[in-house]
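Here is a structure to look through in questions and answers. Please have the view open while reading.

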Amino acid sequence: MSSRILIVGLNYAPENTGIAPYTAGMARALREDGWDVEVVTGLPHYPQWQVHEGYPREDGPLEVIDGVPVRRIPHPVPHDAGQLRRLGMEIVFGLRAARAPWGKPDVVVVITPALFASAIVRVRAALTRTPVLVWVQDIYTAGLSETGAAGGLVTRVMRAVEGAFLRSCNGVVVIHDRFSDYLRRHMGMAGERITTVRNWTHIAEAPTVDTAALRQRFGWGPEDVVVLHTGNMGAKQDLPNVAAAAQIAERRGAPLRFVLVGGGHQRPQLEELAATTPRFEVLPSVDNDTYAGLLRAADILLVNERAGLKEMCVPSKLTSYFTAERPVLAAVEAEGPSAAELAAADAGIRVAPGDPEALVDGALRLHEEWVATGDTVHRGGRRYVREVLSRGAAVRSFVSALGKLRPGLVAEDRAPATVNS
């Protein structure tokens, strides 16, 4: 009989951005490899911060998504990502998830963020002496510190809480070695209890979407140099910086067109800016096939981070950007993990964050290099994805982390479905 893995996380499919694609992708891969996997999750709401159509706000029957049984836990969804409202959502989800039917899992995997929901679930697991593996997609208190969302005292208290929670878990999975270093330095984690499992791309390498038709559909002319940013629109993305760059491009008469695709609590503000900025537009989230097509329809793919972010952020969009084989422009700190990823993949250039003039100059330089060399520069991204960021490598590392918790965990004996993906 295969070992039973219970995954508890606030975000899951059909959300197609942020943490959800990785949680859902790992659950599916483990299920395909023979593990008995079940998921307890929340109502799909991200990044729009409203419940997806067709999902009731009360308990419903188990869903089955890609062969994985999924139990939805009702919880409030705030209209924005304010810290107190988000905290309330996490606590309600955590309390209800802890009361949900679990059966007898061999291991419980919790996803953070959400930190407080994970901590509540950890308490229930402790009562039954079930090992807990925490999968850290973002370091909660590093985010508070670097975005200025909380004062120094609050941040120190929260760091102590987060550290105590992580140390209480039997094992920790992080998405980058930089996170592992942070947990060892600032939270007293033992290195042998930490496993790095890199996020992978969840888009098709060869999408069926007609990219020329997409450009025409969105009104992008052949003369437009489309600089595309995708994903969440929140404080750490500092997207007003991109709107300011569009204004500079307009004054200079540069052919740049800055486009944002996705959702988030800053979207209404950005839509107001787009209404008065000719070279700046905001599009809603799209399905995976359209997303893959948009990445290839664009000329340049953009990562824009708030100045000062050096620890907390490894944008999941980078893996998808690298697969698209378009040059990447990263307005990020030189010391941060995003800059390190870009250099390792040889997939683009970095400019200073929070500097719209530098953003415009970088986009023009990148486009000129791309055109002058016949699309041959900055194309190492796909190679990097295949060698370092494949789903198969992630699954193998994750199974290794499970094995550290409880030796003897086994999957049902069947042909592997994921190791070569």
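Q: Which residues does E325 touch, not counting residues up to four places away in sequence?
A: This is a predicted model, in which local features need pLDDT of at least 70 and side-chain atom pairs count only at pLDDT 80 or more, while totals for chains, interfaces and linings use all residues. Residues are numbered from 1 along each chain as its sequence is written, and side-chain values use heavy atoms, with hydrogens and water left out. A contact means heavy atoms within 4.5 Å. Leaving out residues up to four places away in sequence, E325 touches W370, R379 and R382.

Q: Where is E325, and how many Å apart are E325 and H229 in space, C-alpha to C-alpha?
A: E325 is placed in the loop between α11 (317–324) and β13 (328–331). Helices (H or I, at least four residues) and strands (E, at least two) are DSSP runs, numbered from the N terminus. In sequence, 96 residues separate E325 from H229; in space, C-alpha to C-alpha, the two are 15 Å apart.

Q: How many helices and strands are there in the protein chain, and what is its radius of gyration?
A: The protein chain has 15 helices and 14 strands. The globule rule (2.2 Å times the number of residues to the power 0.38, with the radius of gyration taken over C-alpha atoms) gives 22 Å for 421 residues. The chain is close to that value, so it is as compact as a globular protein of that length, with a radius of gyration of 21 Å.

Q: What percentage of the residues of the protein chain count as buried?
A: Buried means under 20% relative accessible area, exposed over 50%, and partly exposed in between (1.4 Å probe, protein chains only). Of the 421 residues in the protein chain, the buried share is 58%.

Q: Which elements do the buried residues of α15 pack against?
A: Helix α15 covers residues 391–405. Its buried residues are R391, G392, A394, V395, F398, A401, L402 and L405. An α-helix has 3.6 residues a turn, so residues three or four places apart point the same way. The buried residues of α15 pack against β1 (4–9), α1 (20–32), β5 (107–112), β6 (132–136), β7 (171–174) and β8 (194–196).

Q: How far apart are the end C-alpha atoms of α15?
A: The expected span of a helix is 1.5 Å times one less than its number of residues. For the 15 residues of α15 this gives 21 Å, which agrees with end C-alpha atoms that are 22 Å apart.

Q: Is T112 buried or exposed, and what is omega of the peptide bond from T112 to P113?
A: T112 lies in strand β5 and is buried, at a relative accessible area of 0%. P113 is placed in the loop between β5 and α3 (115–127). The peptide bond from T112 to P113 is cis, with omega near -5 degrees.

Q: Which residue does a cis peptide bond join to A13?
A: The bond has an omega of about 15 degrees. The partner has its place in the loop between β1 and α1. The residue joined to A13 is P14.

Q: Is W49 buried or exposed, and what is its phi?
A: W49 has its place in the loop between β2 and β3. With a relative accessible area of 7%, W49 is buried. Its phi is positive, in a residue other than glycine, and is near 60 degrees.

Q: How many Å separate the C-alpha atoms of P61 and Q216?
A: P61 is in the loop between β2 (36–41) and β3 (63–65), and it counts as exposed at 71% relative accessibility. P61 and Q216 are 155 residues apart along the chain, and their C-alpha atoms are separated by 42 Å.
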